[in-house]
Amino acid sequence: MADVKGWSLLLEGKLPHAAFEMYNFVLNGWVLAILFFAFQAIIIIKTRNVTLAFVTAIIFTTVYGFSSYMKPIVLYILFVLMAFELGIIFYKWVSKK
Amino acid sequence: MKEVVFIILFFSIMLNFAVGTLGEIFPQFDATQKGGMSYDPGFQTEFDDTFNQSINPAGQVQKTDSFLNSLFDILGLGFITQIFDVVNQYAFGFVNLLQNIFGTYLGDNLSTFLFGGIKAILSMAYAIAAFYIFTGRVLVEGE
């Protein structure tokens with residue numbers, strides 16, 4: 001079973017690392033991006049707070065955005081998402097709504 | 001409809017500010033990841049170069065390679081084209097952003113047709129809203 005991704009990590013008892021390796025291989029390197037976009041959607045749907053979503057996006061981009069776990073196309077989506085969120089923040093800030 | 005027009009115009013300007021701010025926060029984003037919307041360094045270089053140069057006498061034509069630009073400078077049309085550039089950047093910045101994001105998947109002809117049509121409709125809405133601002137009369141019935 002040497003070819004299975006994350007199997008050796010699983011045998012060593014590193015469960016989160018093994019799960020990350022398996023899902024990251026299955027989803028072709030998109031697991032962090034999918035988790036983050038789901039997280040953003042949950043924040044926006046449940047709290048309706050764009051500032052909170054933007055701050056979490058800044059933290060995520062600072063920590064993981066330019067690491068080797070990210071595909072370059074994710075940065076494109078991330079930039080557009082953050083630009084829209086910051087635009088909404090500015091708009092609400094200036095228009096006092 | 002005029003409220004929607006003002007919201008679109010205002011949101012486009014705020015989106016420009018947002019893209020410029022994000023480009024300053026994360027310099028690692030390169031130009032291809034910004035959807036064609038980025039801070040224009042031409043303003044800064046124009047500002048710096050203007051203040052670094054010596055004072056020229058009035059009426060001197062700026063030397064450019066293009067004869068058309070020199071002619072525009074003589075006629076005063078170059079100023080108008082610059083105004084149109086600024087209008088294109090701010091009034092249609094939102095449409096330009098959408099075109100830069102989705103236009104590559106549509107092909108040149110369809111992209112130009114679709115987003116050019118959106119710009120045409122939006123410019124008509126801008127004209128109606130500007131008429132409302134200056135005269136106070138609503139042109140479109142049923143509002």
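## Worked exercises on a predicted two-chain model

A:Glu12 is exposed, with 53% relative accessible area (exposed is over 50%, buried under 20%, partly exposed in between, with a 1.4 Å probe and protein chains only). Before we start, note that this is a predicted model, where local features need pLDDT of at least 70, side-chain atom pairs count only at pLDDT 80 or more, and totals for chains, interfaces and linings use all residues. Residues are numbered from 1 along each chain as its sequence is written, chains are lettered from A and ligands numbered from 1 in the order in which they are written, and side-chain values use heavy atoms, leaving out hydrogens and water.

**Exercise 1.** Find the residue with which A:Glu12 forms a salt bridge.

*Solution.*
- Start with the rule: a side-chain nitrogen of Lys or Arg must lie within 4 Å of a carboxyl oxygen of Asp or Glu.
- The partner is A:Lys14, with the closest N and O atoms 3.5 Å apart.
- Next, check accessibility: A:Lys14 is partly exposed, because its relative accessible area is 42%.
- Finally, widen the search to the whole structure, which yields 1 salt bridge over all chains.

**Exercise 2.** Describe the surroundings of A:Tyr64.

*Solution.*
- Place the residue: A:Tyr64 belongs to helix α4 of chain A, residues 50–65 (a helix is a DSSP run of H or I with at least four residues, numbered from the N terminus).
- A:Tyr64 counts as partly exposed because its relative accessibility is 35%.
- Set aside neighbours within four places in sequence, and A:Tyr64 is in contact with A:Leu32 and A:Met70 (contact means heavy atoms within 4.5 Å).
- As for A:Ala33, 31 residues apart from A:Tyr64 along the chain, the C-alpha atoms are separated by 9.5 Å.

**Exercise 3.** Characterise the interface of chain A and chain B.

*Solution.*
- Count first: 21 residues of chain A are in contact with 22 of chain B.
- Then take the area: about 2000 Å² is buried between the chains, and carbon and sulfur atoms give 86% of that (buried area is the accessible area, with a 1.4 Å probe, that two parts lose on being put together, summed over both).
- Three residues, A:Tyr76, A:Phe79 and A:Tyr91, supply 36% of what chain A buries against chain B, more than any other three.
- Look for charge pairs: the rule finds 0 salt bridges across this interface.
- On the side of chain A that touches chain B, α4 and α5 (72–95) each supply at least two residues, and α5(A) gives the most, with 15.
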